[in-house]
Amino acid sequence: MRIKMDLLNLAEMKKLAIAFSKVLKPSTIVLLQGDLGSGKTTFVKEVVTALGSSDAVTSPTYTLMNTYQAEFPIYHFDMYRLSSAEEAMGVGFEEYFDKNSLDGVCFVEWAENVEGLIPSVDYVVEISKLSQNGRRVIIKEVANVSN
Ligand SMILES: Nc1ncnc2c1ncn2[C@@H]1O[C@H](COP(=O)(O)OP(=O)(O)O)[C@@H](O)[C@H]1O
Ligand SMILES: [Mg+2]
């Protein structure tokens, strides 16, 4: 599955997040790609809200990971400040990406920085800025052997 959409504003991003939230289940791993300010964290925030959580979603740039509680846990990573898979393993992150034990959904910003850390990805969401509030979003479902 591959979806490409041009959104005019945040309200349309919210609608997309609501639709996308319905495909998520424990052990789903989602990578978010796009420049700083494109809307990766905002997309996670709208998904977390759509899943019925009132937890505050903030950028994990400094904390590296935030956890939110919806009907299952949501682990939100920002690898911006890391520079290798080894560094991420040093802070214990590899266990989250073991699909056999993962009890929630992982969202990962800047996974490009930790290449090799995440063995199996379900979706890649690519966001680019078209204008102040306009965004192009491409959602790709990644085919896995286990699917
Ligand atoms: N259609 C839109 N979708 C997502 N974010 C938008 C949109 N329009 C404006 N924005 C704004 O763009 C900014 C995106 O920031 P953020 O989500 O932190 O980006 P990133 O995590 O990719 O660095 C936010 O201030 C958000 O309110
Ligand atoms: Mg962000």
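In this predicted model, Gly 39 touches Met 13, Gly 34, Ile 127 and Arg 135, leaving aside residues up to four places away in sequence. Gly 39 sits in the loop between β2 and α2. With 22 other C-beta atoms within 10 Å, Gly 39 is buried, because the cut-off for that class is 20 or more. Ser 101 lies 62 residues from Gly 39 in sequence, and the C-alpha atoms of the two are 29 Å apart in space.

Gly 39 also belongs to the surroundings of ligand 1. The shell around ligand 1 has 16 residues, and the closest are Met 13, Gly 39, Lys 40, Thr 41 and Thr 42. Two elements, α1 (10-21) and α2 (40-50), give two or more residues each to this shell. The largest share comes from α2, with three residues. By residue class, the shell around ligand 1 consists of nine polar, four nonpolar and three charged residues.

The helix α2 can be followed from here. Eight of the 11 residues of α2 are buried, so the helix is largely enclosed by the rest of the structure. The buried residues of α2 are Lys 40, Thr 41, Phe 43, Val 44, Lys 45, Glu 46, Val 47 and Val 48. Their cover includes the helix α1 and the strands β2, β3, β4, β5 and β6. Thr 42 is found in α2 too, but this residue is partly exposed, because its 18 other C-beta atoms within 10 Å fall short of the 20 needed for a buried residue. The C-alpha atom of Thr 42 is separated by 8.4 Å from that of Val 57, which is 15 residues away along the chain. Just after α2, Gly 52 takes a positive phi of about 90 degrees.

Next comes the sheet. Seven strands form an open sheet with mixed pairing, in the order β1-β7-β6-β2-β5-β4-β3. Its edge strands, β1 (2-7) and β3 (65-69), each pair on one side only. On average, and with direction ignored, neighbouring strands of this sheet are turned by 15 degrees against each other. At one edge, β3 runs antiparallel to β4 (residues 73-78), and five bridges join the two strands. Within this pair, Asn 66 has His 76 in β4 as its bridge partner. The helix α1 packs on the sheet, where it touches β1 and β7 (135-141); the direction of α1 makes about 155 degrees with that of β1.

The nonpolar interior involves several of these elements. In soluble globular proteins, nonpolar side chains tend to be buried together. Here the largest nonpolar core has 35 residues, and those with the most contacts inside it are Val 30, Phe 43, Cys 106, Phe 107 and Val 108. The elements giving two or more residues to this core are α1, β2 (29-33), α2, β4, β5 (105-109) and β6 (123-129). One of the residues with the most contacts inside the core, Val 30, touches Val 105, Cys 106, Phe 107, Asp 122, Tyr 123 and Val 125, again not counting residues up to four places away in sequence. Another, Phe 43, is one of the buried residues of α2. The helix α2 thus appears in two settings: α2 gives two or more residues to the core, and α2 provides the largest share of the shell around ligand 1.

Notes: Residues are numbered from 1 along each chain as its sequence is written. Chains are lettered from A and ligands numbered from 1 in the order in which they are written. This is a predicted model: local features need pLDDT of at least 70, side-chain atom pairs count only at pLDDT 80 or more; totals for chains, interfaces and linings use all residues. A residue is near a molecule or strand if its C-beta atom, placed from the backbone, lies within 6 Å of it. Helices (H or I, at least four residues) and strands (E, at least two) are DSSP runs, numbered from the N terminus. Ala, Val, Leu, Ile, Met, Phe, Trp, Tyr, Cys and Pro count as nonpolar, Asp, Glu, Lys and Arg as charged, and the others, Gly among them, as polar. Two strands pair if DSSP finds at least two bridges between them. Axes are lines fitted to C-alpha atoms, for helices over the stretch in contact, and angles run from 0 to 180 degrees between N-to-C directions. Two residues are in contact if their C-beta atoms, placed from the backbone, lie within 7 Å. A nonpolar core is a set of buried Ala, Val, Leu, Ile, Met, Phe, Trp, Tyr and Cys residues joined through C-beta atoms within 7 Å. A residue is buried if 20 or more other C-beta atoms lie within 10 Å of its own, exposed if 12 or fewer, and partly exposed in between; C-beta atoms are placed from the backbone.
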